[in-house]
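Subject: Structure handover

Hello,

Here is the structure for you to look over. My notes follow below it.

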Amino acid sequence: MKQVVNIDSGTGDVEGGRKVAAVLIPHLKALGMTVESVPAEIDGLPENTVATLTGTGKAKILLIGHIDTVFGPGTVAGWPFSIEGDVGHGPGITDEKGGVVEGVFALKLLNQLGFKNFAKITFLIETSEERGSPGTRKLIDKLVHEHDVELNLEPGDSPDVITVWRKGSSTIDIDVKGRASHAGVAPQDGRNAATELVHQLATVDQFPHSGSGTTVNLTIINAGSRYNIIPEDARAQINVRIRSKADLDAVVAGFEKSAQTTVVPDTKVTVTRENSFPPLPNNPMTDALAARAQAIYAPLGLTLGLGGNGGASESALAYEAGIPALDGLGPVGGGFHSTKEFMDMKSVTPRLYLLTKLVMELGAAPPKPAR
Amino acid sequence: MTTSTWLCGAATAAMVLGLGGAAQAAGKDAKVWAAAEARGPPSWSS
């Protein structure tokens with residue numbers, strides 16, 4: 001765990017991703033798994049790892065985890081892996097290197113116990129989830145169609161919750177084209193793209209910024225190149241999280257309507273959408289898996305809560321393919337996507353037990369897909 | 001005392017005596033739990 005957390009592997013860090021995979025792959029091979037490094041589907045990303053183990057039973061089980069984080073190069077140097085009491089710290093410790101390590105350990109347990117009552121276990125370790133899996137999308141789609149169930153190793157939420165719904169994630173880009181001019185000699189000849197963008201961004205406040213439903217938040221803004229030039233270009237990116245696909249249409253329509261009316265004359269506003277993950281809605285297939293998980297957990301004297309959150313994941317793609325999916329099976333943590341990220345070390349053993357037992361039960365009695 | 005109250009009282013007594021934990025542990029897969037414990041937090045520090 002310390003080894004993989006102490007390697008910077010922000011999305012797009014090709015060498016970092018390869019180094020993390022190089023730590024994990026020998027463990028998977030030692031279990032007799034067939035390991036394939038699959039090139040990313042776009043440039044600038046490290047290979048995805050697909051490890052496969054064949055058994056003697058019926059069910060085909062897909063585990064998915066990711067080793068990319070949201071943290072850039074150099075983060076580990078100032079914030080390395082550490083454990084203080086029952087709390088672990090470090091970049092990506094729960095999102096999602098802890099989940100990936102849990103997956104490796106669960107496979108080790110199955111091997112140790114001599115459990116083979118499954119047709120196939122595939123462990124996909126992907127490298128671009130934090131950007132919506134652009135380097136893995138086709139691979140995920142192929143794999144979910146080849147399996148009976150998907151178990152996702154995203155972190156559990158506090159106090160001890162697995163994930164039965166997730167919001168979908170999209171980005172709305174607002175691009176403004178103006179006209180450059182000298183800010184001191186001829187400002188009247190310029191058309192200020194940044195000023196127009198500020199007006200357009202008022203639309204963000206027409207929607208909620210937090211809560212369990214649709215959320216719309218400004219996350220990136222760029223404008224201007226020099227202090228003495230009226231900006232010709234300005235761009236903002238708006239992160240949108242939705243519970244249903246129709247919700248996104250309403251948000252896009254709001255920005256498109258705003259774009260039709262500009263405050264700065266002669267500027268042009270363009271609105272485009274980029275879909276990352278669809279939502280994982282509440283659904284009977286996931287609920288049935290969650291009930292199994294709760295039944296496994298109860299004899300431990302622990303209560304496994306069911307919940308959802310605004311973080312998107314690959315489970316939504318499994319759901320779209322009609323494959324039962326359960327999410328948030330990694331160790332419990334919080335503070336995700338910030339330097340407050342932590343892991344509740346007390347959750348490690350129960351969560352490892354849960355994942356291992358889920359695989360054993362599903363291996364013997366796979367759920368029925370909706371496809 | 002109604003039957004349900006009696007059952008409630010018996011359950012409480014069992015918990016006080018520590019029998020609740022034993023009853024819960026009966027559903028636990030001891031082999032898997034022991035293996036999971038062996039790969040618990042100490043081994044996550046390396």
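A definition to start: two strands pair if DSSP finds at least two bridges between them. Note also that this is a predicted model.

**The sheet**

On that basis, chain A has an open sheet of six strands. The order is β1-β2-β6-β3-β7-β17, and the pairing is mixed. The edge strands are β1 (34–38) and β17 (325–326) of chain A. Each of these pairs on one side only.

Look next at β3 and β7 of chain A. Strand β3 covers residues 60–66, and strand β7 covers residues 149–152. They run parallel, and four bridges join them. Here L63(A) stands opposite L151(A) in β7(A).

**Helix α2 of chain A**

Helix α2 (residues 14–30) of chain A lies across three strands of chain A: β1, β2 (48–54) and β6 (120–126). Its angle to β1(A) is about 155 degrees.

Helix α2(A) also packs with α4(A). How far apart are their axes, and at what angle do they pack? The axes are 10 Å apart and the angle is about 15 degrees. Angles under 35 degrees count as roughly parallel. The two helices, α2(A) and α4(A), are therefore roughly parallel to each other. The crossing is left-handed.

The residues are these:
- From α2(A): V20(A), L24(A), H27(A) and L28(A).
- From α4(A): K97(A), V100(A), V104(A), L107(A) and K108(A).

This contact of α2(A) with α4(A) has six nonpolar residues, one polar and two charged.

**Between chains A and B**

Helix α4 of chain A (residues 93–113) also packs with helix α3 of chain B (residues 30–38). Their axes lie 10 Å apart, at an angle of about 130 degrees. That angle makes α4(A) oblique to α3(B). The crossing of α4(A) and α3(B) is right-handed.

Which residues of α4(A) meet α3(B)? They are L109(A), Q112(A) and L113(A). On the other side, α3(B) brings K31(B), V32(B), A35(B) and A36(B). The contact of α4(A) with α3(B) divides into five nonpolar residues, one polar and one charged.

**Domains of chain A**

Chain A is divided into two parts. Domain 1 is 2–166 + 279–364, and domain 2 is 168–277. The C-alpha centres of domain 1 and domain 2 of chain A lie 35 Å apart. Across the boundary, 16 residues of domain 1 are in contact with ten residues of domain 2.

Best regards

Note on methods. Residues are numbered from 1 along each chain as its sequence is written. Chains are lettered from A and ligands numbered from 1 in the order in which they are written. This is a predicted model: local features need pLDDT of at least 70, side-chain atom pairs count only at pLDDT 80 or more; totals for chains, interfaces and linings use all residues. Side-chain values use heavy atoms; hydrogens and water are left out. Contact means heavy atoms within 4.5 Å. Axes are lines fitted to C-alpha atoms, for helices over the stretch in contact, and angles run from 0 to 180 degrees between N-to-C directions. Angles under 35 degrees count as roughly parallel, over 145 as roughly antiparallel, 65 to 115 as roughly perpendicular and the rest as oblique. A crossing is left-handed if the near helix is turned anticlockwise from the far one by less than a right angle, and right-handed if clockwise. Ala, Val, Leu, Ile, Met, Phe, Trp, Tyr, Cys and Pro count as nonpolar, Asp, Glu, Lys and Arg as charged, and the others, Gly among them, as polar. Domain bounds come from an automatic or database domain assignment.
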